[in-house]
Structure formats: structure tokens, C-alpha cells
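Please take a moment with the sequence and the model shown here before reading on. The paragraphs that follow lead through the structure step by step, and each term is explained where it is first needed.

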Amino acid sequence: MSAQDPHVHLDVAIIGGGIAGLWLINRLQQAGYHCGLFEAKALGSDQSVASQGMIHGGIKYTLGGALTGASEAIADMPDHWRQCLNGEGDVDLRGADTLCDHFYMWSSASVTSKLTTFFASKATRGRVDKVAANDRPALFRQGKFKGQLYRLVDMVLDVPSVLRTLANNVAGQTWLLPPERANWIKNESGECELRVKTDKGHVRVTAGQFIFSAGRGNQALLRALDENTPAMQERPLQQVMVKLKQPSDDIRFYGHCLGTDKTPRLTISTHPTQDGRWVWYLGGSLAEKGAQQTEAEVIRAAQAELTHLMPWMDLSEATWASLPVNRAEPRQKNLLRPDKAFIGKAGKCSNVAVAWPTKLTLAPNLASECMELLNAEGIKTASHKPDLSALDILEQAKVSPCPWDQADFKPFNEFVS
Ligand SMILES: Cc1cc2nc3c(=O)[nH]c(=O)nc-3n(C[C@H](O)[C@H](O)[C@H](O)COP(=O)(O)OP(=O)(O)OC[C@H]3O[C@@H](n4cnc5c(N)ncnc54)[C@H](O)[C@@H]3O)c2cc1C
């Protein structure tokens, strides 16, 4: 490093541009902070574009019985997002698309009585409606469906459009910074600084607060600063994608199939692909168990599950692919699912905090927690706008393509041994 190296000082520097980082930079900008976001690959790369886009009030977590911490923290979130989508919230999401303004829970005939008792309980009152046979979506208007269908007042968003909207709101402040160009330095008083490598030397980036919101990348960032707390856990999944030939009106569906476990047996969301078709994106227990299986095994399990739960569905012309993907979260006892958004100080670094939203839904909650932390740390907005021109050497980061637009879909018979 030389004394001539250009220097940029930000109130807050955000590292990682998934839903967490992008929501946060929007909130901070609204509050008058001068901030910047640095992304290693493409915005939303790991989990956010691979998510099912369901913005939920936590009903599925109440399946186990009493309300849990998760359901209390999350219950306000759908309304919060709705206000933002209408341009009346703390972040302007008017450019984002809603795929569906509700989603469903359905049961196969074998667990109907459990579901009836659950939906009659206080925990779900006012948030769930039983759907009469005539009002069912096309997919469930088949005579062969013998279970029950409930509609939740939650919604499903087109996540790439959410990410694009959030990025456009802060245009010019989301830089692409491959990890090999980032040098992380911690001085003796525990203050962290980022040095961006250039052809001629470095650009020094200092900040009142660095916030690591890099999903699974948080661990490597901590390691680069010789820190290992807060600790992270990864919960692996293998999602299944089914590209269908049927017209979208016949197959578009968003919902959980409930089995006997606390986790939905199967979660289905439907997404448009760049080649003008629609893909069913399958998660839930199928994807949790799928994490231990080969691609062929999880695809065979998905085909068997769909054939069992929707025997009327013609899958003969469908093509299939899978996506191994990990959820990254703060470490919990016994690898349990965490309750709420998390932000905590990084080890002995005085100006670094680490954040995981733990759910797309909780990104607004995480941003509020971050604002509280900044207040508690006394991080104020600078009176002068920083000169960011030294960072012009970096490109602006783009939104990542969706997994279904990158996957190699194959007919089912290629997965049968
Ligand atoms: C299959 C699946 C389905 C899901 N479905 C839902 C759902 O329906 N509803 C819901 O509420 N939640 C859902 N979730 C959870 C939700 O997607 C995640 O909690 C959320 O997207 C995490 O966002 P994030 O910004 O923390 O991380 P990510 O989206 O993983 O983003 C992290 C970003 O940081 C970048 N990065 C990594 N390392 C560095 C570095 N060194 N420097 C700079 N940048 C870096 C990455 O490239 C990436 O862009 C789902 C998760 C999965 C895996």
C-alpha cells in the first residue's frame, strides 16, 4: 500500500448482495447513510434466486403446536412486504412482480383430520381459509383429489424482479468485487479495512461499519479477518425442477403439501422460464432428504411423490433437473432451523457485524435489527457525500440468472437406471 492510494470512506459498507444486503442498502440510503455494497459474483447468487419466493407469516411453523419464536417474529412480514410493493413502505418495491397473492396448504386424504384440527385452532384464525371445491385452482379441480385445501393470506414474489428493483433503487452503488481482488486488513485496535486491488495498487475502503451479508460467504470473510464468530451452519437441500408442457393456467400453483412431519412433505412453486415455459420448483422434505441422494435418486423420488399426490397430472412430456443448494444461517443447537433474522458483531473486530436473514421473508426484519445495531454503535451519517469515483475501476454487479434458466433439463427416462 502507498500513501497515494485513493481512499473511500463510507458510513456503512455492505459485503454480499443477496436479499439481505440489497434490502439493507435500500433502508440505509433512505435513512441518509452513505453506503456501498460489494458483491463477489452476481446479486442474489447463492440462496436468494434459488428461493421459492414465498413471503409467509409463519403459519407452517405453527404446525408443531403452540406459536414459536419463529411465528411471532415473522407474522408481520407479509404486510410489511405488501406496503413496500405498494410504494408505501420503508423500501420502494413498486418495480417487483408478484407471482401469486396467496398460497395454499393441502393434505392428502390420510392426514385430513390433523389438518382440520390445526386450521380450527387459535394460532391460524383469520390467516387461513378453507377453499370450497368450486374455488380450487385448476390443478386441484380434478375429481380424483380427495384431500382438503386451505388458502393462506401470504404471497409469492418473482425474486429476480425484487432483486432488480432493489438494485435499481441504489444504482451505481453495487460493485462487483471478486474475492481475489479483496484484501481484508485488521489493525491493532481491531478496526477492519478493505483494500481493493487495482492494476496500479489499491483503493482503500474504510467504513464506520462493515456489514457482512454474504450468506455462506460470511464464514470465509470472517476467516480472512482471523475471526470465527458468530459461527455459521449450512443446511443442505437438493431441490427438483420439472419443466412442464401444459399451459400455465393449468399448472400454476404455490403451496405446501402437509404430511405427518413438521416440515411440509412437498412445497411447490411455479416460475416462468426464459424459453417461455413454466417450471415446478419442488422443495420441502423431498429436498431435505434429497440432499443425501444423487440427482437421479431425488428426481425419481419427486416423480413418485407427484404421481402419488396428483395421480391426474400427465408428466409424460416433462423434463427434469435438480439443484443442490445450502441454506446458510447462524449456528443453532442440533442444526435446528433458526427463529429469526440474526445480526451480531464479528469476533474482536470493532467495526464489523455479520448478518443472516435466515429467510427471504425476514429481510425487512434484518434491516431493522441492523439499524438498531448502528444506533447502538453510534454510527452516524457523514455530513459530506463521499467521492466514490476511485471505485469506477469496478463494474456494477448484475442480478444472477435463475437456476431453471441454467439447468440442463432431461426426460425422466434418463434418470431411471
Ligand atoms: C431452496 C431454497 C428455498 C427457499 N425458499 C424460501 C422461501 O420461499 N421463503 C423464504 O422466506 N425463504 C426461503 N429461503 C431462504 C432464503 O432464500 C434465504 O434465507 C435468503 O435468500 C438469504 O439471503 P442472503 O442475502 O443472506 O444470502 P444469499 O442470497 O446467499 O446472498 C449472498 C450473496 O453474497 C455474495 N457473496 C458471497 N461471498 C462474498 C464475498 N466474499 N464478497 C462479496 N459477496 C459475497 C454471494 O455471491 C451472494 O450474492 C429458501 C432458501 C433455499 C436455499
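In what order do the strands of the open sheet of three strands follow one another, and is their pairing parallel or antiparallel? The order is E3-E8-E4, and the pairing is antiparallel. Strands (E, at least two residues) and helices (H or I, at least four) are DSSP runs, numbered from the N terminus, and two strands pair if DSSP finds at least two bridges between them. This is a predicted model, in which local features need pLDDT of at least 70 and side-chain atom pairs count only at pLDDT 80 or more, while totals for chains, interfaces and linings use all residues. Residues are numbered from 1 along each chain as its sequence is written.

In this sheet of three strands, the edge strands are E3 (54-55) and E4 (98-100), each of which pairs on one side only. E3 and E8 run antiparallel and are joined by two bridges, and Ile55 has Met155 in E8 as its bridge partner.

An open sheet of nine strands, with mixed pairing, follows the order E6-E7-E5-E14-E15-E16-E13-E17-E20. Strand E6 (128-130) and strand E20 (410-411) stand at its edges with a single partner strand each, so one side of each is left without a neighbour in the sheet. Strands of a sheet pair through backbone hydrogen bonds, either parallel or antiparallel. Both kinds can be followed around strand E14 (residues 255-258): four bridges join strand E5 (residues 103-107) to E14 in a parallel run, with Ser107 opposite Leu258, whereas three bridges join E14 to strand E15 (residues 266-272) in an antiparallel run, with Cys257 opposite Leu266. Both faces of E14 are covered, since Gly255 and Cys257 on one side and His256 and Leu258 on the other are all buried. Here a residue is buried if 20 or more other C-beta atoms lie within 10 Å of its own, exposed if 12 or fewer, and partly exposed in between, with C-beta atoms placed from the backbone. Further along the sheet, E13 and strand E16 (residues 278-283) run antiparallel and are joined by five bridges, and Lys243 stands opposite Val279 in E16.

The domain assignment of the protein chain gives domain 1 (7-48 + 162-233 + 332-393) and domain 2 (98-155 + 234-327 + 403-415), and such bounds come from an automatic or database domain assignment. The centres of the two domains, taken over C-alpha atoms, are separated by 34 Å. Five residues of domain 1 are in contact with five residues of domain 2, where contact means that the C-beta atoms of two residues, placed from the backbone, lie within 7 Å.

What lies between the domains? Domain 1 and domain 2 both give residues to the shell around the ligand, so the ligand lies between them. Of the 41 residues around the ligand, Gly16, Gly18, Ser51, Gly215 and Gly217 come nearest; a residue is near a molecule if its C-beta atom, placed from the backbone, lies within 6 Å of it. Among the elements that give two or more residues to this shell are helix H1 (19-30), helix H6 (218-224) and strand E13 (232-244), and H1 gives the most, with three residues.

H1 appears again in the interior. The largest nonpolar core (a set of buried Ala, Val, Leu, Ile, Met, Phe, Trp, Tyr and Cys residues joined through C-beta atoms within 7 Å) has 115 residues, and those with the most contacts inside it include Val12, Ala13, Leu24, Phe212 and Ala355. H1 gives the most to this core, with seven residues, and the core draws at least three residues from each of domain 1 and domain 2. Leaving aside residues up to four places away in sequence, Ala355 touches Ala20, Ile211, Phe212, Ser213, Phe342, Ile343, Leu366 and Cys370. In soluble globular proteins, nonpolar side chains tend to be buried together.

Two further places fill in the picture. Ala207 is in strand E12 (residues 202-212) and counts as buried because it has 24 C-beta neighbours inside 10 Å. Its C-alpha atom is separated by 9.2 Å from that of Val352, although the two residues are 145 residues apart along the chain. Helix H5 (residues 159-169) has several buried residues, including Val162, Leu163 and Leu166, and what covers its buried residues includes H1, strand E8 (155-157) and strand E9 (174-176).
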